[in-house]
Amino acid sequence: MTDGIGNPRDLALSGAAAPAAPSADTSPALDTPRTRGDGPAIPLGGDATLDRHTRIALLKEERAIARRFEGGKMWIYPAAAFTCYAIWLSFFPLAIMGWLNLPLAFVLSTVFAVGGYVTSHEAMHSNIARHGTKWRWLNEWTGKVSTIIIVFPFSMARLMHLEHHYHCNHPEKDPDYPDRANGPWHAIYKTWLNRQPGVDGSIHIYKRILAEMGTREAADALKDTVRLQLIFMAVLFAMAWSGYAIEAALIWWLPRHIGLSYIRFYLSWAPHHPREDQGRYGNTRLFKSRLGQIGSIGMETHLVHHLYPSIPNHRTKEAYYALRPILEKRGVHCPEI
């Protein structure tokens, strides 16, 4: 598979930005001064009364705080990814030999399907290992094994996720825009609806965006998707033909669909609802989930990730409270989480 990083826009989000860029700030469209003297020098949301110098000072302070939360114990992501993948893979021979607790395997497979996106997400932003480092292979393979259960190849997942960052909430350019919904129940329904044949859902916008990109990485991502889907269908067919249809359904087919719906709800709809703002501080909201930070896969503080993708998922809540005073000055609603 390819890296899925084929242009400067992708390099910025993946962590391979030019050396002059601040290491903690890898998000697109940062607050650079305008070339003209009319209007605000930094086009940020929040309190419009902030003068130019105040806004620059806030941004510098914000970046300095964010740098403190980069990195950390990143080994936990590849360790979790490879351990869970190995356990999940063992379910197939164990099921055939009759040594598998199927209900437990179903629950674990579903957890692995959801959790796998979290580990792959860090790899998408090169947070496990940057380009040119000796552990780069670990970053890539962590991403690749993590998304197999949901039948969403890493090359495709990374390209679409980076496009989401660059065009967050844009009706035509954000690959996740089809997840827009009026409320939580509508959102849950759309996680199922958007995967149905004949519906103008996620897969259609993915194909259109890939065609518009027209790069080798985009073509390779589409091929990777076809290959993984063929493997998925072949395994299901072979197990069903051999008398293990229920086992195949509970180990892979159903966990995949539950996982995709959970991911779409919490990683796409919940932090971006109602998808009306495309501004740096308004395209993602902070919220309190009934399932907490772990149950929501860290999405309560997803705004921190959009501001600074180099901050790993397990540190966004800590970073949120450190950044909270500045975010409040920007006019961001900052609930207790």
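**Exercise 1. Classify Asp179 as buried or exposed, and place Asp179 in the fold.**

Solution. Asp179 has a relative accessible area of 3% and is therefore buried, the cut-off for that class being under 20%. The model is a predicted one. Asp179 sits in the loop between α6 and α7. As for its spatial relation to Thr191, the two residues are twelve positions apart in sequence, and their C-alpha atoms are 6.9 Å apart.

**Exercise 2. Analyse the salt bridge between Arg158 and Glu140.**

Solution. Step one is the distance: the closest N and O atoms of Arg158 and Glu140 are 2.8 Å apart, and the criterion asks for a side-chain nitrogen within 4 Å of a carboxyl oxygen. Step two is the location. Arg158 belongs to helix α6 (residues 154-166) and Glu140 to helix α5 (residues 136-146), so this pair ties together parts that are 18 residues apart in sequence. Step three is accessibility. Arg158 is buried, at 0% relative accessibility. Glu140 is also buried, with a relative accessible area of 7%. Step four is to look for further partners: Arg136, Glu140 and Arg158 are linked in a network of salt bridges.

**Exercise 3. Determine which parts are tied together by the salt bridge of Glu172 and Arg208.**

Solution. Start with the contact itself, in which the closest N and O atoms of Glu172 and Arg208 are 3.8 Å apart. Glu172 lies in the loop between α6 and α7 (184-193), and Arg208 in helix α8 (residues 202-213), so the bridge ties together parts that are 36 residues apart in sequence. Then check the surroundings of each partner. Glu172 counts as partly exposed at 47% relative accessibility. Arg208 is partly exposed as well, with a relative accessible area of 28%.

**Exercise 4. Describe the salt bridge between Arg227 and Asp224, and state how many salt bridges there are by the rule used here.**

Solution. The closest N and O atoms of Arg227 and Asp224 are 2.8 Å apart. Both residues are in helix α9 (residues 216-241), where a spacing of three residues separates them by about one helical turn. The accessibility classes of the partners are as follows: Arg227 is partly exposed at 48% relative accessibility, whereas Asp224 is buried at 6%. As background, side chains of opposite charge can pair when their charged atoms come close. The count of salt bridges by this rule is 14.

**Exercise 5. Examine the backbone geometry at Val151, Asn169 and the bond from His273 to Pro274.**

Solution. Begin with the usual case: most residues other than glycine have a negative phi, and most peptide bonds are trans.

- Val151, which is not a glycine, has a positive phi near 55°. Val151 is in the loop between α5 and α6, and is buried with a relative accessible area of 3%.
- Asn169 has a phi of about 75°, again positive in a residue that is not a glycine. Asn169 falls in the loop between α6 and α7 and counts as buried at 2% relative accessibility.
- The peptide bond from His273 to Pro274 is cis, its omega being near 10°. Pro274 is placed in the loop between α10 (245-272) and α11 (292-295).

**Exercise 6. Characterise the largest pocket by volume, lining residues and contributing helices.**

Solution. The volume of the largest pocket is about 840 Å³. It is lined by 36 residues, of which Phe152, Ile203, Tyr206, Arg256 and Leu260 are the closest to its centre. Next, sort the lining by residue class: 19 residues are nonpolar, eleven are polar and six are charged. Finally, assign the lining to helices. At least two residues come from each of α6, α8, α9 and α10. The most is given by α10, which supplies eight residues.

**Exercise 7. Identify which residues make the nonpolar surface patch of about 470 Å², and examine Phe82.**

Solution. The patch is made by Phe82, Trp135, Trp137 and Trp141. Phe82 is a residue of helix α3 (residues 76-96). With 31% relative accessibility, Phe82 counts as partly exposed. The patch rule admits residues with over 30% relative accessible area, and the 31% of Phe82 can be set against that cut-off.

Technical notes
Residues are numbered from 1 along each chain as its sequence is written. This is a predicted model: local features need pLDDT of at least 70, side-chain atom pairs count only at pLDDT 80 or more; totals for chains, interfaces and linings use all residues. Side-chain values use heavy atoms; hydrogens and water are left out. Patches are made of residues with over 30% relative accessible area and no salt bridge: like charges are joined within 9 Å, nonpolar side chains (Val, Leu, Ile, Met, Phe, Trp, Tyr) within 5 Å. Accessible areas come from the Shrake-Rupley method with a 1.4 Å probe; for residues, only the protein chains shown count as cover. Helices (H or I, at least four residues) and strands (E, at least two) are DSSP runs, numbered from the N terminus. Buried means under 20% relative accessible area, exposed over 50%, partly exposed in between (1.4 Å probe, protein chains only). On a 1 Å grid over the protein atoms alone, a cavity is a set of points where a 1.4 Å probe fits but cannot get out, and a pocket is an open set with protein on both sides within 12 Å along at least five of seven lines; lining residues have an atom within 4 Å of a point. Grid points are joined across faces, edges and corners, and a volume is the space filled by probe spheres set on the points. Ala, Val, Leu, Ile, Met, Phe, Trp, Tyr, Cys and Pro count as nonpolar, Asp, Glu, Lys and Arg as charged, and the others, Gly among them, as polar.
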